[in-house]
Each structure stands twice: as C-alpha cells, then as structure tokens.
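Here are a few notes to read with the structure open beside you. Take the points in order, and find each residue on screen as you go.

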Amino acid sequence: MTVLFCDLTGSTALGETLDPERLRALLANYFELMKAIVERHGGTVEKFIGDAVMAVFGVPVLHEDDALRAVRSAVEMRDALPELGLQGRIGVTTGEVVTGTEERLATGDAVNVAARLEQAAQPGEVLIGQPTLALVRDAAEVEPVDPLELKGKAEPVPAFRLLRVREAPERRHGARFVGRDHE
C-alpha cells in the first residue's frame with residue numbers, strides 16, 4: 001500500500017488572523033479539494049487529523065499502479081494549495097501495512113514513515129521514500145535529499161524530493177510469466 005500525508009504549514013498563524021467562521025470555511029474547502037484529488041486518482045482518504053490529510057492507495061481497491069496514483073495526487077495537491085492561499089508539505093511512501101477494521105485504519109511502518117517524511121518536508125515540498133521511487137522511477141522526476149534521521153527509525157531513511165510526474169511509459173514485462181501458456 002502507498003500512504004500519503006499532506007499537512008498545512010502556517011495554520012496556527014492563519015487561525016490568529018482569520019475569523020473562526022472564515023477559517024472553518026477555508027479548511028472545509030481544503031479538505032473537500034484534497035479528498036476530491038485523492039479520489040480522482042483512485043485513493044481513499046482514511047482520515048483527517050487536525051489540518052492533515054492521510055490518504056491510502058491500494059485499500060480498499062488495489063491497482064497495479066497505486067504508487068504512481070499517489071505521487072500524481074501529491075503533485076496535484078501541492079499545486080492546488082496556493083490556489084486556496086495555503087501552503088503544505090507532503091510525504092509519500094509504500095510498504096506493508098495491516099488493515100481490515102471497520103474504520104480501515106492502516107497500521108505499519110509505511111504509515112509512520114510517510115508521516116515523518118511529511119514532517120521533514122519544507123513548505124511546498126513533496127518527499128517520497130525509496131520504496132515508492134522504485135515503483136515510479138520511470139515517471140517521476142526527483143532530486144535526492146540527504147538521508148533523513150526520522151524519529152523512531154534506527155537508520156537514516158533515503159528520501160527524494162518529487163519535482164514532477166511525467167506520463168508513465170508503457171510497462172515493460174521483462175520477466176517471463178511462470179506457468180503460463182502462450183496466448
């Protein structure tokens with residue numbers, strides 16, 4: 001599964017300067033837009049936490065290109081925030097998780113790493129993990145960042161700044177299918 005965290009930056013200062021009703025309307029627009037972007041790419045918003053969005057790709061519906069769908073969502077989310085007058089940071093990674101409760105709560109290292117990547121990102125930046133990059137390498141333009149010392153991780157975690165997503169080339173099937181007859 002691929003996990004995406006998007007969190008606003010500067011929202012505390014925004015709360016000081018905006019009338020509570022106006023802030024509430026702005027956040028409602030933000031949540032609605034982020035949810036629409038995630039769902040347009042086949043993901044699911046698992047929850048809103050404060051002014052953060054946690055989205056998952058691969059649950060409850062699995063797609064072969066869930067990692068690519070997630071990074072496309074991340075870029076679209078990043079680019080949509082300034083239109084709302086907001087700034088945010090995003091973290092994305094792929095890995096094994098456990099799901100299946102009625103609330104679909106995903107649990108696992110990938111959830112924690114995605115949240116930590118988001119926290120390490122600068123405003124307006126998307127950081128992706130090595131497992132996600134391995135799945136989207138042909139379509140993603142990235143810059144490596146220094147390995148990140150993330151809370152709770154024994155070793156530094158490789159991370160990459162996502163610059164843009166290109167059209168994905170047709171998938172190559174270099175490996176032979178085992179046990180398949182010629183069509």
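1. Start in a loop: P60 sits between β3 and α3. Keep in mind that you're looking at a predicted model. The peptide bond that joins V59 to P60 is cis, with omega at about 0°.

2. Now for the inside. Nonpolar side chains in soluble globular proteins tend to be buried together. Here the largest nonpolar core has 36 residues, and L4, C6, Y30, M34, V92 and I128 are those with the most contacts inside it. Helices and strands both feed this core: at least two residues each come from β1 (2-9), α2 (20-40), β3 (52-57), α3 (66-80), β4 (87-94), β5 (126-129), α5 (130-136) and β7 (157-165).

3. Which residues does V92 touch? Leaving out anything up to four places away in sequence, the list is T2, V3, L4, A70, V71, A74, L117, V126, L127, I128, G129 and T132. There's also another core, apart from the largest one, with 11 residues, including M1, V3, V59 and A114. You've met V59 already, at the cis bond.

4. Next, the rings. How many aromatic pairs are there? The count is 2. One pair is Y30 with F31, which is tilted, with 5.0 Å from centre to centre and 45° between the planes. Both Y30 and F31 are buried.

5. F31 also pairs with F48. Why is this pair called tilted? The ring centres are 4.4 Å apart and the planes meet at 50°, so the pair falls between the cut-offs of 30 degrees for stacked and 60 for edge-to-face. This pair links distant parts of the chain, since F31 is in helix α2 and F48 is in strand β2 (residues 44-49), 17 residues apart. Taken together, the ring pairs link Y30, F31 and F48 into a cluster.

6. Are F31 and F48 buried or partly exposed? F31 has 16% relative accessibility, which is under the 20% cut-off, so F31 counts as buried. F48 is at 38%, between 20% and 50%, so F48 counts as partly exposed.

7. Last stop, helix α4 (residues 109-120). With 12 residues, α4 reaches 16 Å from its first C-alpha to its last, close to the 16 Å expected at 1.5 Å a residue. Its buried residues are A110, V111, V113, A114, A115, L117 and E118. What do they pack against? Their partners are β1, β3, β4, β5, β6 (140-148) and β7. Two names here should ring a bell: L117 is touched by V92, and A114 belongs to the 11-residue core.

Technical notes
Residues numbered from 1 in each chain as written. Predicted model: local features only at pLDDT ≥ 70, side-chain atom pairs only at ≥ 80, totals over all residues. Heavy atoms only, no water. Core = buried A, V, L, I, M, F, W, Y, C linked by side-chain atoms within 4.5 Å. Buried < 20%, exposed > 50% of the residue type's maximum accessible area, 1.4 Å probe, protein only. Helix = DSSP H or I, 4+ residues; strand = E, 2+ residues; numbered from the N terminus. Contact = heavy atoms within 4.5 Å. Phe/Tyr/Trp six-rings, centres within 6.5 Å; stacked < 30°, edge-to-face > 60°. Expected span 1.5 Å × (residues − 1).
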